[in-house]
Amino acid sequence: ENSSDQLNKEISKIEKNNKLIGYILDLRNNPGGLLSQAIKISDFFLNDGEIVSTKGRKKRENRKFFAKKGDKIKGKPLIVLINNGSASASEIVAGALQDHKRAVLLGETSYGKGSVQSIIPLENKGAIRLTVSKYYLPSGKSISDVGVVPDIKVEEEGQEFSINTNTDNQLNYAIDLLNG
């Protein structure tokens with residue numbers, strides 16, 4: 001629920017560094033979260049345009065969400081890391097930024113969880129989770145079952161591969177790309 005607040009605070013701290021050349025947003029192995037947070041986080045990096053839409057069987061399940069003016073990182077380069085563990089809300093963020101050509105996506109194709117579920121309580125104190133609609137990127141593409149394809153495919157390499165260590169060839173590639 002507070003992902004966007006946490007990211008906002010971190011960006012504010014980082015922006016004080018006048019040597020900053022760009023950002024790497026690591027969404028690898030991020031299983032997603034709340035749609036509201038995916039929209040807010042995407043909006044940090046976009047000035048306008050559609051972020052995501054939902055389409056269901058019923059008209060009232062069809063919604064569109066848009067970015068408000070103001071790119072928090074003022075147009076600086078942005079690379080988003082994704083892999084097969086990136087799902088749902090993290091795919092919305094990656095896909096929206098890619099569709100608006102605001103970020104370069106690097107890594108491996110995401111998971112492909114593009115469905116919206118409602119949790120319906122039952123009388124026996126249980127509940128049922130029912131898919132009511134699907135997420136669509138600004139381009140009109142569905143995330144469901146296909147995922148988001150990176151602009152630059154970089155697979156995890158080597159037995160020693162570990163995220164955020166010196167054996168992380170995807171992160172190293174992103175750093176080299178930012179450094180030109």
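## Exercises on a predicted chain

Helix H1 (residues 3–14) and H2 pack with their axes 8 Å apart, at an angle of about 25 degrees. This model is predicted, so that local features need pLDDT of at least 70 and side-chain atom pairs count only at pLDDT 80 or more, while totals for chains, interfaces and linings use all residues. Residues are numbered from 1 along each chain as its sequence is written, and side-chain values use heavy atoms, with hydrogens and water left out.

**Exercise 1.** Work out how H1 is oriented relative to H2, and which residues make the contact.

*Solution.* Begin with the terms: helices (H or I, at least four residues) and strands (E, at least two) are DSSP runs, numbered from the N terminus. Axes are lines fitted to C-alpha atoms, for helices over the stretch in contact, and angles run from 0 to 180 degrees between N-to-C directions. Angles under 35 degrees count as roughly parallel, over 145 as roughly antiparallel, 65 to 115 as roughly perpendicular and the rest as oblique. The angle of about 25 degrees therefore makes H1 roughly parallel to H2. Next, look for contact, meaning heavy atoms within 4.5 Å: H1 contributes Ser3, Ser4, Leu7, Asn8 and Ile11, and H2 contributes Gln37, Lys40, Ile41, Phe44 and Phe45.

**Exercise 2.** Find the order of the strands in the open sheet, and say which strands stand at its edges.

*Solution.* Two strands pair if DSSP finds at least two bridges between them. Following the pairs gives 4 strands in the order S3-S2-S7-S6, with antiparallel pairing. Strand S3 (63–66) and strand S6 (115–121) each have a single partner strand, so one side of each is left without a neighbour in the sheet. Neighbouring strands of this sheet are turned against each other by 30 degrees on average, direction ignored. For a closer look at one pair, 4 bridges join strand S2 (residues 50–56) to S3, and Ser53 stands opposite Lys64 in S3. Finally, helix H2 (residues 35–45) lies across S2, S3 and strand S7 (127–136), and runs at about 155 degrees to S2.

**Exercise 3.** Decide which side chains of S1 are buried, and identify the bridge partner of Ile24 in S4.

*Solution.* Buried means under 20% relative accessible area, exposed over 50%, and partly exposed in between (1.4 Å probe, protein chains only). In a regular strand the side chains alternate between the two faces of the sheet. Along S1, Tyr23 and Leu25 point to one face and are buried, whereas Ile24 and Asp26 point to the other and are not. S1 and strand S4 (residues 78–82) run parallel and are joined by 4 bridges, and Ile79 is the bridge partner of Ile24.

**Exercise 4.** Locate Asn29 and Lys101 in their loops, and give the phi of Asn29 and of Lys101.

*Solution.* Most residues other than glycine have a negative phi. Asn29 is found in the loop between strand S1 (23–26) and H2, and has a positive phi of about 60 degrees although it is not a glycine. With a relative accessible area of 47%, Asn29 is partly exposed. Lys101 is found in the loop between helix H3 (89–99) and strand S5 (104–107), and its phi is positive too, near 55 degrees. Lys101 counts as exposed, at 73% relative accessibility.
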